[in-house]
Amino acid sequence: MLTRRHIRVKVMQCIYALTQSKSDSLEGQQKFLQYSIDNMYSLYLLMLSLLIEIHKMADDQLERSAKKYIAVDKEEYPNKNKFITNKLLQQIAGNRMLKNELDARKLKNWYLNDEYVKILYKEILASDTYKKYMATPESTYEEDRKLISELFKSIIAPNDKIYEYFEDDKLTWVDDIPIVNTFILKQLKKVKEDHIPSFFLPSLLKDDEDLEYAKKLLTKTLLNNEALIKEIEGKTPNWDKDRIADIDAILLKMAICELLNFSSIPERVTINEYVEISKEYSTPKSSIFINGILDNLVKEYRVDGKLKKIGRGLL
């Protein structure tokens with residue numbers, strides 16, 4: 001789920017938090033990094049579990065309406081059970097491994113805040129996508145899958161109330177929401193009827209190497225802060241620490257650290273990644289500023305023999 005770019009953003013957030021708090025605790029930031037990564041998985045589980053709660057609410061309302069002899073929807077559909085028996089919804093709602101993980105992490109957010117589920121369910125019932133789906137009595141797994149994908153993409157993922165809830169709950173989730181939603185949507189588009197339950201419990205990181213990369217990047221950037229500042233000053237004689245954006249300074253230090261300490265990462269990859277991150281998190285002119293400094297530094301490092309790059313795809 002987490003790419004190297006996402007990991008770089010996580011490290012940037014940790015360094016920024018330390019800068020703002022005036023703290024000098026490396027151990028504290030290492031714990032914050034691990035906390036931020038772990039919490040991203042909880043966010044993934046909570047977003048996915050919204051489908052479980054929506055399915056449960058639909059089932060409860062259908063049962064209550066049957067007892068009261070009233071229609072669940074204003075519309076009359078040929079098969080009122082069709083949404084309840086949606087094969088993908090049942091696949092997710094019946095996933096015991098997923099439920100066990102939610103229980104293990106004590107993620108009862110929607111049970112305690114079911115008004116958010118009601119908001120989503122109401123929007124789903126009113127949507128043309130839902131009405132079109134319910135207009136026919138039967139459907140294939142592929143049709144069921146397309147419905148859930150579209151409902152997630154158009155109603156659940158972009159819902160402002162859900163975003164505000166997560167924003168208030170945990171600060172680190174603000175930047176994680178788009179990543180998590182994009183990943184879930186990709187899953188919903190490629191899931192098969194015969195996929196094993198663990199399909200919905202993917203690894204957050206590709207391997208242990210990614211976690212080690214995150215820890216090393218954070219640690220070396222913080223421990224070599226003064227030396228990295230001098231590297232930047234050398235390329236910007238008129239550099240004013242008070243005028244440069246905090247994020248720009250952090251990204252430059254991280255990029256220089258990566259250039260000098262991660263031999264398997266091509267310098268062009270490093271430059272491109274930090275330039276792209278600056279476009280999203282810093283000022284409009286930051287990407288040009290960062291690209292210029294890093295380009296000059298790479299040329300200097302090559303001449304001085306400071307770049308020790310190995311592996312395929314290197315410049």
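K106 is exposed in the predicted model, with a relative accessible area of 66%. This lysine is found in the loop that runs between α4 (96-104) and α5 (109-112). The backbone of K106 has a phi near 55°, a positive value in a residue other than glycine. Most residues other than glycine have a negative phi.

The overall architecture was considered next. The protein contains 15 helices and zero strands. The C-alpha trace spans about 80 × 40 × 35 Å along its principal axes. Of the 315 residues in the protein, 48% are buried. Among contacts with a separation of 6 or more, 81% are accounted for by residues 24 or more positions apart. The exposed surface of the protein amounts to about 16,800 Å², and carbon and sulfur atoms supply 51% of this area. The protein carries 50 positive and 50 negative charges, and the mean positions of the two sets are 2 Å apart.

Two pairs of residues illustrate separations within the fold. S65 has its place in helix α2 and is buried, with a relative accessible area of 7%. The C-alpha atoms of S65 and D304 are separated by 77 Å, and the two residues are 239 residues apart along the chain. D128 lies in helix α7, which comprises residues 128-134. In contrast to the buried S65, D128 is exposed, with a relative accessible area of 63%. From D128 to M57 the C-alpha to C-alpha distance is 20 Å, for a sequence separation of 71 residues.

Salt bridges were then examined. A search of the whole structure finds 18 of them. In one of these, R8 is paired with E258, and the closest N and O atoms are 2.8 Å apart. This pair links distant parts of the chain, as R8 belongs to helix α1 (residues 4-21) and E258 to helix α13 (residues 246-261), 250 residues apart. Both partners are buried: R8 has a relative accessible area of 2%, and E258 has one of 0%. The two residues also take part in a network of salt bridges that links R5, R8, E258 and E273.

Other salt bridges join residues within a single helix. K31 forms a salt bridge with E27, with the closest N and O atoms 3.5 Å apart. Both residues lie in helix α2, and their spacing of four residues corresponds to about one turn of the helix. K31 is exposed, at a relative accessible area of 54%. In helix α14 (residues 267-281), E276 and K279 are three residues apart, again about one turn of the helix. The side chains of E276 and K279 meet in a salt bridge with an N to O distance of 3.0 Å. K279 counts as exposed at 53% relative accessibility, whereas E276 is partly exposed, with a relative accessible area of 32%.

A charged residue without such a partner is found at K82. This residue is located in the loop between α2 (26-68) and α3 (87-93). K82 is buried yet has no salt bridge, and the nearest side chain of opposite charge, that of E143, is 5.8 Å away. A salt bridge requires a side-chain nitrogen of Lys or Arg within 4 Å of a carboxyl oxygen of Asp or Glu, and therefore the 5.8 Å separation between K82 and E143 does not qualify. When neighbours within four places in sequence are left aside, the residues in contact with K82 are Y133, M134, T136, P137, E138 and S139.

Charged side chains also group together on the surface. D160, E164, E167 and D168 form a negative surface patch. Within this patch, E167 is found in helix α9, which covers residues 160-169. E167 is partly exposed, with a relative accessible area of 37%. Patches are made of residues with over 30% relative accessible area, so the value of 37% allows E167 to be included.

Conventions
Residues are numbered from 1 along each chain as its sequence is written. This is a predicted model: local features need pLDDT of at least 70, side-chain atom pairs count only at pLDDT 80 or more; totals for chains, interfaces and linings use all residues. Side-chain values use heavy atoms; hydrogens and water are left out. Patches are made of residues with over 30% relative accessible area and no salt bridge: like charges are joined within 9 Å, nonpolar side chains (Val, Leu, Ile, Met, Phe, Trp, Tyr) within 5 Å. Accessible areas come from the Shrake-Rupley method with a 1.4 Å probe; for residues, only the protein chains shown count as cover. Lys and Arg count as positive and Asp and Glu as negative; His and the chain ends are not counted. The place of a charge is taken as NZ of Lys, CZ of Arg, CG of Asp or CD of Glu. Helices (H or I, at least four residues) and strands (E, at least two) are DSSP runs, numbered from the N terminus. Buried means under 20% relative accessible area, exposed over 50%, partly exposed in between (1.4 Å probe, protein chains only). Contact means heavy atoms within 4.5 Å.
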